[in-house]
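Q: Could you take a close look at one part of this structure with me? I would like to follow how a few side chains meet, step by step.

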Amino acid sequence: MVREITSEYIAGKIDVWGHCTWCVAAPFSGKTTLAKHIAERTHSHYISLDDLMRERGLDLSQLQPVEEWEKTHHQCIQLLHEFMKQGINVVLDDTLFLKWLRDRYRNAALEHQYQVETVYLAIPLAELEKRRQQVLATRERNYLVDESFYPVIEQFEVPDSAENTVVFDLNCELSNWLNMHFS
């Protein structure tokens with residue numbers, strides 16, 4: 001049975017069997033770096049949708065069909081269920097730029113009585129574009145074509161407090177922020 005997201009649940013008044021944290025933000029925001037730090041700090045399993053796509057042989061520097069992302073989202077939800085059945089905490093790394101996508105994952109977590117925390121990386125567009133250009137120059141990771149990058153920016157639904165959200169921005173010093181939210 002899926003529980004409704006309630007203020008009692010978010011306030012921790014309902015028994016919690018585990019924790020699921022997702023880092024959501026635009027591409028080039030630093031999600032992967034932050035998610036890996038949180039996973040290490042909390043002794044959680046790290047899951048990346050980009051990694052799952054690459055494991056399926058898909059080139060993320062090219063625009064991928066919605067159907068391929070949907071298959072990967074279903075694969076990820078299955079992994080979440082497997083980990084949660086074992087009581088393993090999870091950190092999920094994905095843009096999750098639409099609220100209905102986040103709600104899909106939240107409902108999976110609630111089925112297992114997991115507390116969910118949304119970490120939103122609030123990085124200005126100018127900084128994202130600068131980082132994107134650095135990636136193009138260095139080829140250190142996949143570069144996103146305009147057709148993949150800008151629609152996410154334009155359609156991004158910023159999580160709010162109803163989603164149990166904490167914000168990381170350029171004013172945050174990483175170790176202090178981690179100590180404040182994940183110690």
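A: Let's start with Tyr-150, which is partly exposed, because its relative accessible area is 24% and the buried class ends under 20%. Keep in mind that this is a predicted model.

Now look at the ring beside it. The ring centres of Phe-149 and Tyr-150 are 4.8 Å apart and the planes stand at 80°, so this pair is edge-to-face; that label needs an angle over 60 degrees. Phe-149 itself is buried, with a relative accessible area of 0%.

Phe-149 has another partner. With Phe-28 the centres are 5.9 Å apart and the planes meet at 55°, so this pair is called tilted. Where do Phe-28 and Phe-149 sit along the chain? Phe-28 is in the loop between strand E1 (18-24) and helix H2 (31-42), while Phe-149 belongs to helix H7 (residues 146-155), so the pair links distant parts of the chain, 121 residues apart. Phe-28 counts as buried too, at 5% relative accessibility. Together, Phe-28, Phe-149 and Tyr-150 make up one aromatic cluster. The model has six aromatic pairs in total.

Helix H7 also leads us to a charged contact. Asp-146 in helix H7 pairs with Arg-132 in helix H6 (residues 125-138), 14 residues apart. Their side chains form a salt bridge, with N and O 2.6 Å apart. The two ends have their own settings: Arg-132 counts as buried at 3% relative accessibility, whereas Asp-146 is partly exposed with a relative accessible area of 41%.

From there, follow the chain past H7. Glu-163 lies in the loop between H7 and strand E5 (165-169), and its partner Arg-106 is in helix H5, so this pair ties together parts 57 residues apart in sequence. The closest N and O atoms of this salt bridge are 3.2 Å apart. Glu-163 counts as buried at 2% relative accessibility, and Arg-106 is buried as well, with a relative accessible area of 4%.

Arg-106 also forms a salt bridge with Asp-103, where the closest N and O atoms are 3.9 Å apart. Both of these residues lie in helix H5 (residues 99-111), three residues apart, which is about one turn of the helix. Stepping back, Lys-99, Arg-102, Asp-103, Arg-106 and Glu-163 are linked in a network of salt bridges. The count of salt bridges in the model comes to eleven.

Terms used:
Residues are numbered from 1 along each chain as its sequence is written. This is a predicted model: local features need pLDDT of at least 70, side-chain atom pairs count only at pLDDT 80 or more; totals for chains, interfaces and linings use all residues. Side-chain values use heavy atoms; hydrogens and water are left out. Rings of Phe, Tyr and Trp (its six-membered ring) pair if their centres lie within 6.5 Å; planes under 30 degrees apart count as stacked, over 60 as edge-to-face and the rest as tilted. Helices (H or I, at least four residues) and strands (E, at least two) are DSSP runs, numbered from the N terminus. Buried means under 20% relative accessible area, exposed over 50%, partly exposed in between (1.4 Å probe, protein chains only). A salt bridge is a side-chain nitrogen of Lys or Arg within 4 Å of a carboxyl oxygen of Asp or Glu.
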